[in-house]
Amino acid sequence: MRVELQPGYILHSRPFRDTSLILDCLTEDYGRLSLIAKGARSAKSRQRQLCQPFTPLLLSWQGKSSLKTLTSIESRQLPLGLKGEFLFSGLYLNELLTRLVPEQDSCPEIYQSYEVALGQLADMLPLEPVLRAFELRMLEDLGYHLDLSRDADGLDLRAEEMYQWWPEQGWRLASDTLTAQSFPGVHLQAMREGDFQDPQTQRSAKVLTRILFKPLLGERPLQSRKLFQKTR
Amino acid sequence: MFSPLIDELMSSLRCLPGVGPKSAQRMALYLLERDREGASRLASSLGKAVEGVGNCSRCRTLTEETVCGICANSRRDDSLLCVVETPADVLAMESAGIYQGKYFILMGHLSPIDGIGPADIGLDVLLTRLQSGEIQELILATNPTVEGEATAHYIADQAKAQNVQVSRIANGVPLGGELEYIDGGTLAHALSSRRAV
Ligand SMILES: [Zn+2]
């Protein structure tokens with residue numbers, strides 16, 4: 001199979017043999033896939049500088065196996081030049097994608113939301129809303145059904161109530177003992193509307209996405225979270 | 001086809017970068033047929049190096065001493081510390097011949113997806129040195145890659161918190177490079193870090 005000039009991004013690259021790289025890519029129509037860039041690490045390679053995350057690329061490849069061969073790489077735009085904690089956040093998105101998006105499965109929605117999120121990080125928009133909106137869209141696109149309008153019995157969520165999330169059931173009214181995992185209905189409504197302006201909503205969304213990602217991520221914690229721990 | 005000892009030698013040689021089955025076979029046969037003396041020397045120096053070489057307690061570079069030659073050199077400026085990714089980067093800096101401070105070698109860079117976090121590249125050791133107050137300026141010479149930039153930013157935050165002055169080496173148009181042939185990313189970087197003339 002040959003694919004020409006497919007829009008995509010490199011999520012991660014690792015050395016392969018003496019002078020090559022294995023690129024973990026996210027593409028618009030072909031989802032996540034591994035490409036081998038032959039000779040990309042040799043001193044005179046022009047590809048080397050392009051084989052970096054956060055550069056909008058056009059990728060061409062061929063091959064049938066799970067490891068295809070990169071035949072050309074071009075940039076669509078300049079590298080996004082993420083800086084500081086926006087760069088850390090980009091690395092966090094890349095780690096989430098490499099951990100949770102299966103290879104060779106088309107996922108145009110995830111690609112779109114990734115591209116939107118990277119643009120927002122490059123524009124240095126407030127981090128928390130960008131990350132939470134991406135996480136919630138990603139969960140949805142991975143097929144994780146999170147209904148932010150109705151409770152487990154099909155009743156509308158009410159702004160003034162407190163809710164708890166029950167895996168595989170949905171929202172239930174929080175019992176009298178409020179735990180850290182209780183969420184005000186008003187925050188859930190804001191999340192549904194993609195409105196993360198309010199810091200309280202941001203905090204609820206962060207707790208909620210961590211609860212939801214936990215079973216998907218398993219025992220191994222996300223490493224990129226460590227980048228934020230000392231800087232904040 | 002070969003006896004077990006020769007087979008074992010060939011497969012051991014393949015741990016070297018760029019050595020496949022063919023070259024491993026060539027090397028093994030060469031050593032056994034033509035240069036037994038060289039082979040013994042190689043075996044013994046490999047053994048000694050693996051046994052004896054560790055990391056410098058101050059800069060983390062490879063050395064059999066507790067403190068390496070550069071760190072121990074009292075004529076070099078102790079208040080200036082240059083952070084690089086690998087011992088090869090130290091060689092490159094030294095061959096430029098203008099740097100008179102000391103080094104800190106990360107032996108890698110931050111790479112969350114590979115599971116490499118701050119402690120894995122010695123940043124706890126670096127932080128202790130920054131806290132000691134001996135260092136006045138930190139020069140970040142990690143590679144101009146995404147991971148190199150992330151590493152530089154992380155260290156810069158740590159250093160600023162200790163009131164240490166921090167600078168990042170400039171990356172831009174190489175000497176003798178023609179603009180036409182320089183990729184967009186390098187050019188953008190060069191433009192954003194331009195200075196007045
Ligand atoms: Zn040293």
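## Strand S5 of chain B and a helix contact between chains

In this predicted model, Leu80(B) has Glu137(B) of strand S5(B) as its bridge partner. Strand S5 of chain B covers residues 137-140, while strand S3 of the same chain covers residues 77-84. S3(B) and S5(B) run in the parallel sense and are paired over 4 bridges.

S5(B) is also joined to strand S6 of chain B, residues 165-168, and these two strands run parallel. Within this pairing, Leu138(B) lies opposite Val166(B) of S6(B). The two pairings of S5(B) are set out below.

| Strand pair | Sense | Bridges |
|---|---|---|
| S3(B) and S5(B) | parallel | 4 bridges |
| S5(B) and S6(B) | parallel | 4 bridges |

The two faces of S5(B) can also be described. Leu138(B) and Leu140(B) form the covered face, whereas Glu137(B) and Ile139(B) form the uncovered one.

The second topic is a pair of helices. Two packed helices are described by the angle between their axes and by the distance between those axes. Helix H1 of chain A spans residues 84-100, and helix H7 of chain B spans residues 146-161. Their axes come within 9 Å and cross at roughly 130 degrees. H1(A) and H7(B) are therefore oblique to each other. The crossing of H1(A) past H7(B) is left-handed.

On the side of H1(A), the contact is made by Gly84(A), Leu87(A), Phe88(A) and Leu91(A); on the side of H7(B), it is made by Glu149(B), Ala150(B) and His153(B). Classified by residue type, the contact of H1(A) with H7(B) contains 4 nonpolar, 2 polar and 1 charged residues.

Terms used
Residues numbered from 1 in each chain as written. Chains lettered and ligands numbered in written order. Predicted model: local features only at pLDDT ≥ 70, side-chain atom pairs only at ≥ 80, totals over all residues. Axes fitted to C-alpha atoms, helices over the stretch in contact; angles between N-to-C directions. Parallel < 35°, antiparallel > 145°, perpendicular 65-115°, else oblique. Left-handed = near helix turned anticlockwise from the far one by under 90°. Contact = placed C-beta atoms within 7 Å. Nonpolar A, V, L, I, M, F, W, Y, C, P; charged D, E, K, R; others polar. Buried ≥ 20, exposed ≤ 12 C-beta atoms within 10 Å, placed from the backbone. Pairing = 2+ DSSP bridges.
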